[in-house]
Amino acid sequence: MHKFGLIGKNIEYSFSRGYFKEKFEALKLTNHSYVNFDLVAIDEFKKVITNTKNLVGLNVTIPYKEAIIPFLNKLDPEAEKIGAVNTIKVTKNGTIGYNTDAYGFQKSLEPLLKKHHAKALILGTGGASKAIAYVLEQLEIEYIFVSRSKTENNLTYGDLTKQIISEHTLIINSSPVGTHPRINDKPDIPYQYIAANHYLFDLIYNPEKTAFLKAGEEQGAIICNGSQMLMHQAEKAWEIWNL
């Protein structure tokens, strides 16, 4: 058997298990399985590694993309630079952490990206936001983090003025706000200042059109959800596990 799985918390809704189950069936890989490891605390990861036989690879989701790092034997250089891990390869020499979120985000962002999307707001400061920031740096797009708490490196939602929204025509929600079942929630930004030249990207894929995206669409903005990003990052993870 070849076993794969997802590390996270409250992950019954997860995309990954269904995606890889369908993939294994399509490829007739009857000796492959994918399970959820729903961890109350990250230190339970040690038991997963120790007690799970034939483990080949893992995905990592909220809230452990950063917390997982000290438990790994090695980091891929890109994951180390980003500071977050969403893919783990289990080898005879230990565990190696990778980040395929950056790859998935860039592949899904670029088709709708225009030259005037030169400044971005990243909503949220969790592990996923680090991959987003990494990609924006590669694309030479200026960005500012927005969070509920004020630090020297970010704005708060209350800081967002008409001018800031007007200047930052790319707005990316990397927070979990608006995820099923709380589908009416959305990040607290002044949506009245969104215009047709804006591009709103939500990493959330369930629901397909979040309240954040709906509010942007009502103002004429381009919108994109996280479903394509998830598929791209999953395929990249599959590639890594099979190297």
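The following questions and answers walk through salt bridges, a sheet and some helices in a predicted model.

Visitor: How many salt bridges does a search of the whole structure find?
Guide: Side chains of opposite charge can pair when their charged atoms come close. One example is the pair of Arg 17 and Glu 12, whose side chains meet at 2.8 Å, N to O. Counted over the whole structure, the salt bridges number nine.

Visitor: Is Glu 12, which meets Arg 17 in a salt bridge, buried or exposed?
Guide: Its partner Arg 17 has a relative accessible area of 27% and is partly exposed. For Glu 12 the relative accessibility is 60%, and because exposed means over 50%, Glu 12 counts as exposed.

Visitor: Which residue forms a salt bridge with Asp 101, and in which loop does that residue lie?
Guide: The closest N and O atoms of this pair are 2.6 Å apart, and the partner of Asp 101 is Lys 65. The pair links distant parts of the chain, 36 residues apart, with Asp 101 placed in helix α4 (residues 101-109). Lys 65, for its part, lies in the loop between β3 (55-60) and β4 (74-75).

Visitor: Are Asp 101 and Lys 65 buried or exposed?
Guide: Asp 101 has a relative accessible area of 5%, while the value for Lys 65 is 12%. Because the cut-off for a buried residue is under 20%, Asp 101 is buried, and Lys 65 is likewise buried.

Visitor: What is the order of the strands in the open sheet of six strands?
Guide: The pairing in this sheet is parallel, and its edge strands, each of which pairs on one side only, are β9 (154-156) and β12 (222-224). Neighbouring strands are turned against each other by 20° on average, with direction ignored. Read across the sheet, the order is β9-β8-β7-β10-β11-β12.

Visitor: Which residue in β8 is the bridge partner of Lys 119?
Guide: Strand β7 (residues 119-123) runs parallel to strand β8 (residues 142-147), and five bridges join the two. In β8, the residue that partners Lys 119 is Glu 142.

Visitor: Which strands do the buried residues of α7 pack against?
Guide: Helix α7 spans residues 211-218, and its buried residues are Ala 211, Phe 212, Leu 213, Ala 215 and Gly 216. After the helix comes Gly 220, which has a positive phi near 95°. The strands that the buried residues of α7 pack against are β7, β10, β11 and β12.

Visitor: At about what angle does α4 run to β11?
Guide: Helix α4, which also holds Asp 101, lies across three strands of the sheet, namely β10 (170-173), β11 (199-202) and β12. Taken against β11, the helix runs at about 145°.

Visitor: Which residues in α8 meet those of α4, and what is the handedness of the crossing?
Guide: The axes of α4 and helix α8 (residues 227-241) come within 7 Å and cross at roughly 135°, and the two helices are therefore oblique to each other. On the α4 side the contacts involve Asp 101, Tyr 103, Gly 104, Phe 105, Lys 107 and Ser 108, and these meet Gln 228, Met 229, His 232, Gln 233 and Lys 236 in α8. The crossing in which α4 passes α8 is right-handed.

Key
Residues numbered from 1 in each chain as written. Predicted model: local features only at pLDDT ≥ 70, side-chain atom pairs only at ≥ 80, totals over all residues. Heavy atoms only, no water. Salt bridge = Lys/Arg side-chain N within 4 Å of Asp/Glu carboxyl O. Buried < 20%, exposed > 50% of the residue type's maximum accessible area, 1.4 Å probe, protein only. Helix = DSSP H or I, 4+ residues; strand = E, 2+ residues; numbered from the N terminus. Pairing = 2+ DSSP bridges. Axes fitted to C-alpha atoms, helices over the stretch in contact; angles between N-to-C directions. Contact = heavy atoms within 4.5 Å. Parallel < 35°, antiparallel > 145°, perpendicular 65-115°, else oblique. Left-handed = near helix turned anticlockwise from the far one by under 90°.
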